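Here is a walk through one protein chain, for someone meeting it for the first time. Keep the picture open and turn it as you read.

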Amino acid sequence: YLRGLELLPRQNVAALREAQAHFEKALKLDPAYARAHIGVAQALFGIGITEGLDPEGWKEHAQHVQRALELAPDLGEAHIQQGIVLVDQDDMAAAEREYRRGLELAPGYANGDEALANLLYATNRADEGLRMIARAVALDPMDANLRLSYSGALAQNGRMDESESQVDQLLDNNPDFA
């Protein structure tokens, strides 16, 4: 499980598939390990964002999320992933409720803040979205993907100098970032 977690932030398909394999191995050892179900879901989501998932991949994502919620209804990361399922179904109000519930249960989960920020931007609440992505970066300042999202949010708000500064920090910390 921990090996899978270490690979998730790399956000390239090879690392995500390797992470998925580690999470699936953890599930073979303990099929009731809710966090490993969420790990598989996160890897599948990352693959979907990076190269696209077929309908079966999204179905598998949703099944792992559902199983995690059955096993651990108070697992914040599971509610965040459920929000992603609901966004895919174009139910933004329900997705927002799941994101907010997930953040109640896991207040330090930076990727949850990012997910909610993306939804807020998609529903024309840019100021609140910018605050959420800034919070995500404050929670995990070394995560290159969060910093890239923050840079994009600043640019969308016309704050180009600040956006450029975030990209500079990202590249200083991660010179090989694509």
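What follows goes from the overall fold to the pocket, and then to a few residues and charged pairs.

One thing to keep in mind is that this is a predicted model. So what is the chain built from? Its secondary structure comes to 10 helices and zero strands. If you trace the chain along its sequence, the pattern reads α-α-α-α-α-α-α-α-α-α. The radius of gyration is 16 Å, close to the 16 Å that the globule rule gives for 178 residues, so the chain is as compact as a globular protein of that length. Put a box around the C-alpha atoms along the principal axes, and you get roughly 50 × 35 × 30 Å.

How much of the chain is tucked away? Buried residues account for 43% of the 178 residues. There is also the matter of who touches whom: among contacts with a separation of 6 or more, 45% are between residues 24 or more positions apart.

Now look for the largest pocket, which has a volume of about 970 Å³. Its lining takes in 37 residues, and Gln 11, Phe 45, Tyr 109, Asn 111 and Glu 114 are the ones that lie nearest its centre. Which helices help to line the pocket? Helix 3 (34-51), helix 5, helix 6 (92-105), helix 7 (110-122) and helix 9 (144-156) each give at least two residues to the lining. As for the chemistry of that lining, it divides into 21 nonpolar residues, 10 polar ones and six charged ones.

Helix 5 deserves a second look. It runs over residues 76-88 and holds Gln 81. Is Gln 81 buried or exposed? Its relative accessibility is 4%, and because anything under 20% is called buried, Gln 81 falls on the buried side. Setting aside neighbours within four places in sequence, Gln 81 is in contact with Ile 38, Ala 41, Gln 42, Phe 45, His 61 and Val 65. Phe 45 may ring a bell, as it was one of the residues nearest the centre of the largest pocket.

You can find another buried residue toward the other end of the numbering. Ser 163 sits in helix 10, which covers residues 160-173. With 7% relative accessibility, Ser 163 counts as buried. Leaving out neighbours within four places in sequence, its contacts are Ser 151, Leu 154 and Ala 155.

Next come the charged pairs. Side chains of opposite charge can pair when their charged atoms come close. How many salt bridges does the model have? The count comes to 10.

Take Asp 74 and Arg 101, whose side chains meet in a salt bridge at 3.6 Å, N to O. Asp 74 lies in the loop between helix 4 (55-71) and helix 5, while Arg 101 is in helix 6, so the pair ties together parts that are 27 residues apart in sequence. Asp 74 is exposed, with a relative accessible area of 54%, whereas Arg 101 counts as partly exposed at 31%.

Glu 96 makes a salt bridge too, with Arg 125, and here the closest N and O atoms are 2.6 Å apart. Which parts of the chain does this one join? Glu 96 belongs to helix 6 and Arg 125 to the loop between helix 7 and helix 8 (126-139), so parts that are 29 residues apart in sequence are tied together. Glu 96 counts as buried at 15% relative accessibility, and Arg 125 is partly exposed at 29%. This pair is also part of something wider: Glu 96, Arg 100, Arg 125 and Glu 128 are linked in a network of salt bridges.

One more salt bridge brings together the side chains of Glu 162 and Arg 159, at 2.7 Å, N to O. Both partners are partly exposed, with Glu 162 at 36% relative accessibility and Arg 159 at 33%.

To finish, jump to the start of the chain. Glu 6 is in helix 1, residues 2-7, and counts as partly exposed at 45% relative accessibility. How far is Glu 6 from Glu 162 in space? The two are 156 residues apart in sequence, and from C-alpha to C-alpha they are 29 Å apart.

Definitions and conventions
Residues numbered from 1 in each chain as written. Predicted model: local features only at pLDDT ≥ 70, side-chain atom pairs only at ≥ 80, totals over all residues. Heavy atoms only, no water. Helix = DSSP H or I, 4+ residues; strand = E, 2+ residues; numbered from the N terminus. Buried < 20%, exposed > 50% of the residue type's maximum accessible area, 1.4 Å probe, protein only. Contact = heavy atoms within 4.5 Å. 1 Å grid on protein atoms, 1.4 Å probe; cavity = no way out; pocket = protein on both sides within 12 Å on 5 of 7 lines; lining within 4 Å. Points joined across faces, edges and corners; volume = space filled by probe spheres on them. Nonpolar A, V, L, I, M, F, W, Y, C, P; charged D, E, K, R; others polar. Salt bridge = Lys/Arg side-chain N within 4 Å of Asp/Glu carboxyl O. Rg over C-alpha atoms; globule rule 2.2 N^0.38 Å.
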